[in-house]
Every structure is written in C-alpha cells, then in structure tokens.
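Me: I have a structure open and would like to learn how to read its features one at a time. Could you take me through it slowly, giving the general idea and then the case at hand?

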Amino acid sequence: MERLREKYKNEAIPAMKKTFGYKNDLAVPRLKKVVLNIGTGHGLKDPKFNEVASDTLQRISGQKPVNTIAKKSISNFKIREGLIVGMMVTLRGKRMYDFVDKLINITLPRVRDFRGINTRAVDRQGSLNIGFREHIAFPEIKADEVEKIHGLQVSIITSAKTKEEGLELLKLLGFPFVKE
C-alpha cells in the first residue's frame, strides 16, 4: 500500500511546485499525521460502550487508543474531573499513509449517500476534518457483529500554511471533493 506515498512523490510534489512556485521539494506541504477521535458520552450511562469504542478504534487504526480524560468538572454535562470522555489514536509514517489510502479508496465510497467532501471541511491551516456518523463504513468492521453504532472524527493534519495549499495537496492525493 505504498501507492499514496509514491503518488505524493511522483505527482503531487511536481504539481505543487509548478502551481505555488516552491523551489525545493522539502518546502512542499505534506501529510504530518492523522488523528482519529471518538467521544464517549454514552459511556457515562453504559460502561460497556467504552470497551466497544476502544475495540472499534483499535480495529480501524491498528493501534491501541489513548483515553482522553476530562480536565474540569461540568455539572450541566454530568462530567466529573478525571472521567474518561473520549478516545484517540494518532497515526504517523507508514500507518498514516496506509490509513489515508484506505480512507480514500475504500471507506469514503462505502459511506451512505456520499457525494464528496465539502471544501469547507478544510481549515485555514490546510488540515481536513471529516466526521463519520456510522463507524460501519470502515472495512474492518463487520456489520453483523456491531452492537452499537457510533460516530468518529478523522483529522488529517498537513504542513500547509494556507487553506489553498492544503486543499490542492489533498486534491492531488485523490480526496473526492465536491465540484463547486
């Protein structure tokens, strides 16, 4: 699955150098990391939910997730300081490229009613944030084994300085953006 890294080296770098006038290959924006998040708000009422979410994240990413803990108590949300409020995984290097390749070519086409990613999902620093309502779009999750459907967020962080650079990089890597 080195296809995405090869595509970046052979297609994206020359195109970005031509478009934005970079003089050096190392000045071209690149993918830094991918962060997967699951909020475990349901875990407050159902303790088994945390186990299910952890297993899901481990299957999707191939890494053990880290629990995110509440820093403050918030009475309106029934959150106490030190309570587990989410889980996250950070992917870098080969695992990151494998995951992004799988996301573009397998997962996004499996999402129900998918028409493309809106360009507004790219922030000012050129990073992409995608939210999934159902985690069953990922190929590692078998729909008949799922006890509870939950969502997750995927953040793809680039080294781009502007939204235009990040958007162009992501388009060259093959992300299916909506035609404007």
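**Reading helices and salt bridges**

Reply: Let us start with one residue: Arg3 is exposed, with a relative accessible area of 52%, where exposed means over 50% relative accessible area, buried under 20%, and partly exposed in between (1.4 Å probe, protein chains only). Please keep in mind that this is a predicted model, in which local features need pLDDT of at least 70 and side-chain atom pairs count only at pLDDT 80 or more, while totals for chains, interfaces and linings use all residues. Residues are numbered from 1 along each chain as its sequence is written, and side-chain values use heavy atoms, with hydrogens and water left out.

Me: With which residue does Arg3 form a salt bridge?

Reply: A salt bridge is a side-chain nitrogen of Lys or Arg within 4 Å of a carboxyl oxygen of Asp or Glu. Here Arg3 is paired with Asp101, and their closest N and O atoms are 3.1 Å apart. This pair links distant parts of the chain, since Arg3 belongs to helix H1 and Asp101 to helix H3 (residues 93-110), 98 residues apart; helices (H or I, at least four residues) are DSSP runs, numbered from the N terminus. Whereas Arg3 is exposed, Asp101 is buried, with a relative accessible area of 3%.

Me: How many salt bridges does this rule give, and which others can I look at?

Reply: The count comes to four salt bridges. One of them joins the side chains of Arg59 and Asp55, at 3.9 Å from N to O; both residues lie in helix H2 (residues 48-61), four residues apart, about one turn of the helix. Arg59 is partly exposed at a relative accessible area of 37%, and Asp55 is partly exposed as well, at 40%. Another is formed by Lys94 and Asp98, whose closest N and O atoms are 2.9 Å apart; because these two residues are four residues apart in helix H3, about one helical turn separates them. Lys94 counts as partly exposed, at 47% relative accessibility.

Me: At what angle do the axes of H1 and H3 cross?

Reply: Axes are lines fitted to C-alpha atoms, for helices over the stretch in contact, and angles run from 0 to 180 degrees between N-to-C directions. The axes of H1 and H3 cross at roughly 95 degrees and come within 8 Å. That makes H1 roughly perpendicular to H3, given that angles under 35 degrees count as roughly parallel, over 145 as roughly antiparallel, 65 to 115 as roughly perpendicular and the rest as oblique. In this contact, which means heavy atoms within 4.5 Å, the H1 residues Arg3, Leu4, Arg5 and Tyr8 meet H3 residues including Tyr97, Asp101 and Ile104.

Me: How do H1 and H4 pack, and which residues meet there?

Reply: Helix H1 (residues 3-20) packs against helix H4 (residues 163-173) at an angle of about 140 degrees, with their axes 9 Å apart. That makes H1 oblique to H4. Among the H1 residues in this contact are Leu4, Tyr8 and Phe20, and on the H4 side there are Glu168, Leu169 and Leu172, among others.

Me: Is Phe49 buried or exposed?

Reply: Phe49, which lies in helix H2, counts as buried at 3% relative accessibility. Phe49 is also 98 residues from Glu147 in sequence, and in space these two are 9.3 Å apart, C-alpha to C-alpha.
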